[in-house]
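Here are some comments for a first-year reader, set out as numbered points. Please keep the model open while going through them.

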Amino acid sequence: MVFWEGYVSDELMGTFAPIVLYWVYAGFYHLLPPLEKYRLHTRKDEEKKNLVPFSAVVKGVLLQQLVQAIVALFLLTTTTNASGVIVQPSMPKQILQILIAMFVMDTWQYFVHRYMHQNKFLYRHIHSQHHRLVVPYAIGALYNHPIEGLLLDTVGGAISFLVSGMTARTAVIFFCFAVVKTVDDHCGLWLPGNIFHLLFQNNTAYHDIHHQLQGLKYNYSQPFFSIWDRLLGTYMPFNLVKRPGGGFEARLAKE
C-alpha cells in the first residue's frame with residue numbers, strides 16, 4: 001500500500017509526480033544561498049557564459065513536461081489491465097524491473113545523445129539548445145529543443161517502461177528517481193555527503209565535463225551509469241580540484 005492509494009490513481013501519480021518533484025527539487029537548489037565554496041563554476045561564469053535567459057529556460061522545460069505528461073498519461077492508462085485490478089509484483093521483482101529500466105534508459109540516451117553530437121545538422125539545429133547552458137544549473141536540467149525532449153527523454157522513458165514490464169505504481173518510483181538524478185547531475189554543486197556523488201560515478205562533475213568545450217565529445221552517458229562511455233571509448237577521466245577563489249573545478253585529466 002502507498003500513501004496516495006485511494007486518493008489518486010497510479011496513472012495520474014506516474015504522470016504528474018515526476019513533474020512536481022522536478023520543480024520542488026530544482027527549486028530547492030535554486031533557492032539555496034550562493035554556496036560559492038561548493039560551486040563547480042562561479043556565479044560570474046554562469047551569468048557570462050550561459051547563452052539563454054532564465055525565463056526562456058523555464059518555458060522550455062514546461063513545454064517538454066507538457067509533452068511528457070500527454071505521452072505518459074496515454075501510455076500508463078492504455079497499458080493498465082482492463083479490469084482495473086493490478087497485482088503488484090514482489091519487491092525483488094520490482095527492484096529488478098527498475099534496474100532493467102535504468103539500463104534501457106541509459107542505453108537509449110547514450111546512443112541518441114552521442115548521435116546528436118556526431119550529426120552536425122542535429123547538433124546545430126537541435127542539441128545545441130541544451131548546450132547554451134554552458135554552466136548547468138538545476139532548473140535547466142530538462143532545457144532541450146522540443147524534438148530532443150521527445151526523442152531523448154519521452155521516448156526513452158516510454159521504452160524503459162515497456163521493456164521492464166513495470167506497473168504504473170513502480171513507474172512512479174522509477175521516474176521520480178530518474179528526475180531527481182537528472183536534476184542533481186545539472187545542479188552545478190559539489191555538496192558534501194551528496195548520496196548521488198557517493199553511489200554514482202556518473203554525477204554532477206562527470207556531466208559538467210560534457211558541458212565544457214573540451215569535453216563535448218566525451219561523457220555522453222546519462223543519467224545513471226558510465227558503462228557505455230567506458231565500453232565505447234568516450235569516457236573522459238577528470239580531476240576535481242579546489243578553485244583558488246573558492247569552490248571546485250572539474251578538470252579533464254587528458255588535455
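1. Which residues in α3 meet which residues in α6? Before answering, please note that this is a predicted model. On the side of α3 the residues are L63, Q64, V67, Q68, V71, L75 and L76, and they meet P146, G149, L150, D153, T154, A158, F161 and L162 in α6. Sorted by class, this contact is made up of 10 nonpolar, four polar and one charged residues.

2. The geometry of this pair is worth describing next. Two packed helices are described by the angle between their axes and by the distance between those axes. Helix α3 covers residues 54–78 and helix α6 covers residues 146–164, and they pack at an angle of about 25 degrees, while their axes lie 10 Å apart. Because angles under 35 degrees count as roughly parallel, α3 and α6 are therefore roughly parallel to each other. The crossing in which α3 passes α6 is right-handed.

3. A second helix pair, α1 with α7, can be read in the same manner. The angle at which α1 and α7 pack is about 20 degrees, with 9 Å between their axes, and these two helices are therefore also roughly parallel to each other. Their crossing, too, is right-handed. From α1 the contact takes D10, E11, M13, G14, A17, P18, L21, Y22, Y25, A26 and Y29, and from α7 it takes A168, R169, V172, F175, C176, V179, V180, V183 and D184. By class, the contact of α1 with α7 has 15 nonpolar, one polar and four charged residues.

4. Turning to empty space, rolling a probe the size of a water molecule over the atoms shows where such space is left. How many cavities of 30 Å³ or more does the count give? The count comes to two. The largest cavity has a volume of about 580 Å³, and its lining consists of 36 residues, of which Q68, M105, D153, F175 and V179 lie nearest its centre. The elements that give two or more residues to this lining are α1 (10–31), α3, α4 (91–118), α6 and α7 (168–185). The lining of the largest cavity divides by class into 18 nonpolar, 15 polar and three charged residues. Some names return here from the earlier points: Q68 and D153 belong to the contact of α3 with α6, whereas F175 and V179 belong to the contact of α1 with α7.

5. The second largest cavity holds about 40 Å³ of space, and the residues that line it are L63, Q64, V67, P146, G149, L150 and T154. Here the elements that give two or more residues to the lining are α3 and α6, and α6 gives the most, with four residues. By class, the lining of the second largest cavity has four nonpolar, three polar and no charged residues. The reader can go back to the contact of α3 with α6 and find L63, Q64, V67, P146, G149, L150 and T154 there as well.

6. Two details of the backbone deserve a careful look, and both are found in loops. L35 has a positive phi of about 50 degrees although it is not a glycine, and L35 is placed in the loop between α1 and α2 (43–49). Q222 and P223 are joined by a cis peptide bond, for which omega is about -5 degrees. The loop that holds P223 runs between α9 (204–211) and α10 (227–231).

Technical notes. Residues are numbered from 1 along each chain as its sequence is written. This is a predicted model: local features need pLDDT of at least 70, side-chain atom pairs count only at pLDDT 80 or more; totals for chains, interfaces and linings use all residues. Side-chain values use heavy atoms; hydrogens and water are left out. Axes are lines fitted to C-alpha atoms, for helices over the stretch in contact, and angles run from 0 to 180 degrees between N-to-C directions. Angles under 35 degrees count as roughly parallel, over 145 as roughly antiparallel, 65 to 115 as roughly perpendicular and the rest as oblique. A crossing is left-handed if the near helix is turned anticlockwise from the far one by less than a right angle, and right-handed if clockwise. Contact means heavy atoms within 4.5 Å. Ala, Val, Leu, Ile, Met, Phe, Trp, Tyr, Cys and Pro count as nonpolar, Asp, Glu, Lys and Arg as charged, and the others, Gly among them, as polar. On a 1 Å grid over the protein atoms alone, a cavity is a set of points where a 1.4 Å probe fits but cannot get out, and a pocket is an open set with protein on both sides within 12 Å along at least five of seven lines; lining residues have an atom within 4 Å of a point. Grid points are joined across faces, edges and corners, and a volume is the space filled by probe spheres set on the points.
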